[in-house]
Amino acid sequence: MNEQAKLKKATYHLYTFLVSKMIGSLGSHVYSFGISMYILSLTGSSLSFAFNIILSYLPRTIMAPIAGILGDRMSRKKLVLGGQAGVILTVATLLLYTQQFGLSLAAIYTATVFNSIFSTFTSVAFSASIANLVDETRIQKAMSFNQLAFSVSGIGGPIFGGMLFGFVSMEIFLSIFIIASIITLTLEATMNFQLYKKQQATTDSQKETMFESFKAGFRYVNKKPVIKAILWTALWLNLFFTSVNVGHNFILLTLLQIDPKLIGIIEAGGAIGVFITSIYFASRSTVKFPLLLVKRSTFLMALLVIFVGLPLFFDFSSMMNFIYYFIIMFIFGGLGVITNTPIGVMMQTTIDEEYRGRVFGIVEMMAMSAMPIGTLAYGFLYDFVPAQYILLVSGLILILIVILLLRTSIIEMAHPELKKANAEPVIE
């Protein structure tokens, strides 16, 4: 295939990728909303709801390294499509079970586990394939499209789900997810996952055992100080940012007693921030010094954690609280894109082809492992410690993490030209 034909196919990939992710994640958000509301209405227990969330985290933590190893050994397209087919089969089985016996908590939990397992193979393999799907100059656009798809579904999914819940049966929610997943599978099946695939230097990984391959992935990361710093930063950020994930609604609903309808609008503020920032990144050239930008954005996010607790020290009006938290969530959403997009581009372009699957598997494992730990820890803390002090301490710890793990020596290692210039250039 000549270069012009490859560029044309890469353009097709970009927009197919956007549409497939948007449809798939919209269906997923509608399904998640319906299942969440069903669990809460059935049990009236937040613990049952939290248990379902933990069941979605744990399989991803365990299976991500395995998905990464397989992604370096076999066709990533087969893993993506196989994982998507597994998700469809899981929800279709849940639908048949519901029609025969009625929907039960045990059936939901079982489906959550299998969904999490299959979606891990899809997400890890797809993440490791982006650099093979599009040309290097448009990797940032592809990463931005990914964020854009999730932001649109994040806004539309709960709204659509809220309109349906209480008026249609759970079978309709399951059917919507199945139809969306089938469309996603069909679109992804048309993509060439080897369009820009580089020839691997060795094939030793094919002869290794799974455990040896897993260790080889960690050895590779250890030899790359910049990637290692990114991984550890992601782990600790995910752990301490859980303070906001767990405490945000608790603060808004219980402590500040904001109207639930306004809380929904506040939550949408984050998705709007993601949407606007994703469009900006999709339309601009690749960031020149991505890790430097990431350091600045994560530092600002750490400050925002402290700001989340600020109204608890003062006596704001309900409307003032609403406006304040909408702005906070909007900025959080935007900074999330500013952090994730350059990091994604950097990892796609700097990690060797034969290790990309394992590294992305390790990233997924480390990121996911922090979430259930943080959820349990902060869930306990918010019952005994004033929320504003939890957020203040968590924010200060996050600032320290950013300063230590993304220190100047690591930034200069990632961008040697900064050291040569002996100054930080302005990012345009």
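## Close-up views of a predicted model

**View 1. Y196 sits in the loop between α7 and α8.** Helices here are DSSP runs of H or I with at least four residues, strands are E runs of at least two, and both are numbered from the N terminus. This is a predicted model, where local features need pLDDT of at least 70 and side-chain atom pairs count only at pLDDT 80 or more, while totals for chains, interfaces and linings use all residues. Residues are numbered from 1 along each chain as its sequence is written, and side-chain values use heavy atoms, with hydrogens and water left out. With a relative accessible area of 16%, Y196 is buried (buried is under 20% relative accessible area, exposed is over 50%, and partly exposed is in between, with a 1.4 Å probe and protein chains only). Leaving aside residues up to four places away in sequence, Y196 touches E3, K6, L7 and A10, and also A131, N132, L133, V134 and D135. A contact here is heavy atoms within 4.5 Å. I130 is 66 residues from Y196 along the chain, and their C-alpha atoms are separated by 9.3 Å.

**View 2. Helix α7 (residues 170–189) and its buried residues.** This helix has 20 residues and spans 29 Å from first C-alpha to last, close to the 28 Å expected at 1.5 Å a residue. The expected span is 1.5 Å times one less than the number of residues. Buried in α7 are M170, F173, L174, F177, I178, A180, S181, T184 and E188. For F173, the relative accessible area is 0%. Not counting residues up to four places away in sequence, F173 touches V30, G34, G161, L164, F165 and V168. F380 is 207 residues from F173 in sequence and 33 Å from it in space, C-alpha to C-alpha.

**View 3. L103 in the loop between α3 and α4.** L103 has a relative accessible area of 13%, so it is buried. Its contacts, apart from residues up to four places away in sequence, are Y38, L94, T98, I108 and M170. M170 is also one of the buried residues of α7. The C-alpha atoms of L103 and E171 are separated by 9.0 Å, with their positions 68 residues apart along the chain.

**View 4. T120 inside helix α4 (residues 105–127).** T120 comes out at 0% relative accessibility, so it counts as buried. Beyond residues up to four places away in sequence, T120 touches R60, M63, A64 and A67.

**View 5. Helices α8 (residues 210–222) and α9 (residues 225–255) cross.** Two packed helices are described by the angle between their axes and the distance between the axes. Here the axes come within 6 Å and cross at roughly 105°. These axes are lines fitted to C-alpha atoms, for helices over the stretch in contact, with angles running from 0 to 180 degrees between N-to-C directions. The two helices are therefore roughly perpendicular to each other (65 to 115 degrees; under 35 is roughly parallel, over 145 roughly antiparallel, and the rest oblique). From α8, Y220, V221 and N222 meet P225, I227, K228 and L231 of α9. By class, this contact has 5 nonpolar, 1 polar and 1 charged residues. Nonpolar covers Ala, Val, Leu, Ile, Met, Phe, Trp, Tyr, Cys and Pro; charged covers Asp, Glu, Lys and Arg; the others, Gly among them, are polar.

**View 6. F307 in helix α11 (residues 290–308).** F307 is partly exposed, with a relative accessible area of 36%. Setting aside residues up to four places away in sequence, F307 touches Y324 and I328. G395 is 88 residues from F307 along the chain, and their C-alpha atoms are separated by 8.7 Å.

**View 7. Confidence along the chain, from α3 to α16.** The average pLDDT (the predictor's confidence in each residue, from 0 to 100) is 83 for the chain, and 92% of the residues score at least 70. Among the elements, helix α3 (residues 76–101) has the highest mean pLDDT, 94, and helix α16 (residues 416–421) the lowest, 71. Over residues 424–428 the pLDDT is below 50, and this stretch has 11 contacts in the model beyond near neighbours in sequence. Where pLDDT is low, the predicted coordinates should not be read in detail.
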